[in-house]
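User: Please walk me through this structure by means of questions and careful answers.

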Amino acid sequence: MLGRYLSGDYDLSSCFVIGDRLTDLELAKNLGAKGILLQPNADNVPADLLPHLAIATPHWSTIAEHIRSTERTATIVRTTAETDIRLTLDLDGHGESHIDTGLKFLDHMLWQLPHHAGISLSVVCKGDLEVDEHHTMEDIAIVLGEALLKALGNKRGIERYGFVLPMDECSAMVLMDLGGRIDFKWEVEFSREYVGDTPTEMFRHFFHSLCVGLRCNLHISATGDNNHHLAEGLFKAFARTLRMAIRRDVFSYDLPSSKGLL
């Protein structure tokens, strides 16, 4: 009955065996899959089967949420002579967020992603800020883009496109296409060299590096008088655009492309 699943065409390590008996866990172990036990707890699970148990719960809603939460996640660790970065994200917002880049205003901007994109984001960076802010901001953007691309997987079911919003006297527009091709446009002018501890000239480079890592079209424009509002409007608009573009219809496996490839 299970012979066809052992052909090597299936990634069994990403599959689950669901049942209410210990023999179901044994089957998961033998297949190289994970087991989900339809019981209130795992008190009766032998020690040799515990490594193969994903969760024990009597609730199908919890099971559905667990299976969904194991997808669309990414962790990237990047260490160079200039920065040491660990970044984890979940496009569906499971898990806690934590942001520590060494630049307080950049932290404030990146917090817009969990708040407005509906994702969870943990990023810690130790950079050579004694030199300047360039390497820290550039490398965080690269890693963030690569993690988003990895978490999107095959992109089936996503909306693909994304937002315009006001931020007090400012207006910000971010256009995005997660189609796999890179194109970047920037129409934003800051009147101050720094906002807090973060150089405004680096925002263009930050979003360009993110665009390259994510392999997307990213067109950004904004106007306004207050530079804090201008930067925050950009990040909020980007976050809202990302929220729209990565949104997935779990009942659809369609690829949002007439070419059949993204």
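The questions below turn to the core, the aromatic rings and two single residues.

User: Before we start, what kind of model is this?

Analyst: Residues are numbered from 1 along each chain as its sequence is written, and side-chain values use heavy atoms, with hydrogens and water left out. Local features need pLDDT of at least 70 and side-chain atom pairs count only at pLDDT 80 or more, while totals for chains, interfaces and linings use all residues, for this is a predicted model.

User: Which helix gives the most residues to the largest nonpolar core?

Analyst: A nonpolar core is a set of buried Ala, Val, Leu, Ile, Met, Phe, Trp, Tyr and Cys residues joined through side-chain atoms within 4.5 Å, where buried means under 20% relative accessible area, exposed over 50% and partly exposed in between, with a 1.4 Å probe and protein chains only. The largest such core has 60 residues, of which Leu110, Leu144, Phe206 and Leu218 touch the most other members. Helices are DSSP runs of H or I with at least four residues, numbered from the N terminus, and the one that gives the most to this core, with 10 residues, is helix H7 (residues 227-246).

User: Is Ala141 buried or exposed?

Analyst: Ala141 has its place in helix H5 (residues 134-152). Not counting residues up to four places away in sequence, Ala141 touches Phe206, Ser209 and Leu210, a contact being heavy atoms within 4.5 Å. Because its relative accessibility is 0%, Ala141 counts as buried.

User: What is the relative accessibility of Asn227, which counts as buried?

Analyst: Asn227 is placed in helix H7. Leaving out residues up to four places away in sequence, Asn227 touches Phe190, Ser191, Arg192 and Val195. Asn227 counts as buried because its relative accessibility is 4%.

User: How many aromatic pairs does a search of the whole structure find?

Analyst: Rings of Phe, Tyr and Trp (its six-membered ring) pair if their centres lie within 6.5 Å, and planes under 30 degrees apart count as stacked, over 60 as edge-to-face and the rest as tilted. Ring pairs link Phe105, Phe184, Trp186, Phe190, Phe203, Phe206, Phe207, Phe235 and Phe238 into a cluster. Over the whole structure, the number of aromatic pairs found is nine.

User: Which residues does Leu110 contact beyond its neighbours within four places in sequence?

Analyst: Leu110 is one of the residues that touch the most other members of the largest nonpolar core. With its neighbours within four places in sequence set aside, Leu110 is in contact with Ile99, Thr101, Leu121, Val123, Ile140, Leu144, Phe206 and Phe235.

Methods. Helix = DSSP H or I, 4+ residues; strand = E, 2+ residues; numbered from the N terminus.
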